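Got the viewer open? Let's take a walk through this model, one selection at a time.

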Amino acid sequence: MKIENEQDVLTPRSSSKNAAVRPLDKLFEQISRKRVDLIGHSSQMRFDWSDDMKRFTFNLSNTDASKPQFEFPTNRHFNKKMYGKLAKGLSTLSDHLVSTDQTPLLTQIVNEQFERDSRKFLVRSQQNEAGLFIARAFCGDTYKPIDDDLILETMLPVIEEHDTEYVILGGRCTMERTYFNIVTKNPVVVMPTANGDREVHLGTSISNSGTGDGKFKNCFFACDSYCLNGLRFGEKAHMEFSQVHRGSKISQEYGQLQADSFRKAELASLRTLIADATRAALDPKKHAEFAEILKQSHQSQVTGDPIEVVKRIGAENKFSDIETKVAEMAMQNEEPNLYGVQAAVTRMAQEVDSFSRRVELEELAGKLITLPTVKRDSLLATEATELVS
């Protein structure tokens, strides 16, 4: 990869596209780890501290709360979600009690809330790398699980329908959220630039949460192999499909959630929607359409000051000071056109600590590329005096 003229503040572009390709079996292993989903009323639940494990545990029992039928250690994400659902302000209070070593008082308060509450909750657990089941999600009884393995199992046969070879590129898989991209192995778009050809791979980007942290989303994705910058076209007009994790109430009253409680008809319908969205994202006609959009962005020249253009984008989209500064520095290495502007934004996105923030910035890049003509021309003509306050 070319890294000449790279400022020290930006991490080197040391990863080639091949290095970023993730083995399918490794990804599938991560997202297919065994799960146990429990349903129960709050009065059947208990929150405790384990001195042996040095962590909190969640217990469920329909007889005696002190003799749990199900017991899992919890993670921080589970705890925060549980506090938030049980009582306003409990999450803030928990931080204070934990920091001052008052865990017995915290578990007492939580268990009192469980006893007062009359609602039914879904608790999701999954094996970690060590094989230990961890309680990872505390959800209401209308939460509809859309799990990562269902998504991938539905997408793979559709991908195999195509002669074009695809690879899984980048992404991240944790107990809370999953992101991954499926793109063409070979470039679909080649754009000549002053620094050589820029090859762009097209495909689809998947984001999902099995813990109540967001909806399942499938959108069109483009990857610039020069620097692994990604653009997400997260708008319905540009092939975006999303589904919230909400459905009919779970009828089961207690215990390990049974298969028929997952609303098989709803899941069958969801599989069809995922398959259709995947076909749309991999459609050669759609690729040709986006190739033209990308080429047009490369032809759309900045008529004002490129750095001021980036500053305006930062001001209008609430970039932090450091995000704006890094994007400005990245712009100095890009060509003064709309494609170069979005590349500066996505180049900056690679430096942020939060992967979800990176996704937001990549979606912003997709919006920049597809701006209506009037807005696009106004943006590219930005001078210092036109900065938004």
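Start by selecting helix 4 and colouring Leu90, Ser94 and Leu97, which are buried there. Buried here means under 20% relative accessible area, exposed means over 50%, and partly exposed is in between (1.4 Å probe, protein chains only). Helices (H or I, at least four residues) and strands (E, at least two) are DSSP runs, numbered from the N terminus. The three buried residues cover an arc of only 70° around the axis, so they sit on the same side of helix 4; the arc is that of the directions from the helix axis to the C-beta atoms.

A word on what you are looking at: this is a predicted model, in which local features need pLDDT of at least 70 and side-chain atom pairs count only at pLDDT 80 or more, while totals for chains, interfaces and linings use all residues. Residues are numbered from 1 along each chain as its sequence is written, and side-chain values use heavy atoms, with hydrogens and water left out.

Now spin helix 4 around. Which exposed residues are on the face turned away from its buried side? You'll find Thr92 and Ser99 there. Back on the buried side, the cover includes helix 3 (76–86) and helix 5.

Keep helix 3 and helix 4 on screen together. Two packed helices are described by the angle between their axes and the distance between the axes. For helix 3 and helix 4 the angle is about 130°, with the axes 8 Å apart. Axes are lines fitted to C-alpha atoms, for helices over the stretch in contact, and angles run from 0 to 180 degrees between N-to-C directions. Helix 3 and helix 4 are therefore oblique to each other: angles under 35 degrees count as roughly parallel, over 145 as roughly antiparallel, 65 to 115 as roughly perpendicular and the rest as oblique. To show the contact, select Arg76, Lys80, Tyr83 and Leu86 of helix 3 with Leu90, Ser91, Ser94 and Asp95 of helix 4. Contact means heavy atoms within 4.5 Å.

Next, step off the end of helix 4 to Asp101, in the loop between helix 4 (90–99) and helix 5 (103–116). Most residues other than glycine have a negative phi. Asp101 is not a glycine, yet its phi is positive, about 60°. Asp101 is exposed, with a relative accessible area of 64%.

Where else does this turn up? Jump to Lys54, another non-glycine with a positive phi of about 60°. Lys54 lies in the loop between strand 2 (45–50) and strand 3 (55–60), and is exposed at 60% relative accessible area.

On to the strands. Select the open sheet of four strands, ordered 6-5-1-14 with antiparallel pairing. Its edge strands, each pairing on one side only, are strand 6 (133–140) and strand 14 (255–256). Two strands pair if DSSP finds at least two bridges between them. Strand 1 (residues 35–41) and strand 5 (residues 120–127) run antiparallel and are joined by seven bridges. For a spot to zoom in on, His41 stands opposite Lys120 in strand 5.

Then try the cysteines. Cys139 is buried at 3% relative accessible area, and Cys223 is buried at 1%. How many disulfides are there? Zero, where a disulfide is a pair of cysteine sulfur atoms within 2.5 Å.

Last stop: Lys325 in helix 10 (residues 321–331). Lys325 is partly exposed, at 46% relative accessible area. Draw a C-alpha to C-alpha distance from Lys325 to Val310 and you get 9.2 Å, for 15 residues apart in sequence.
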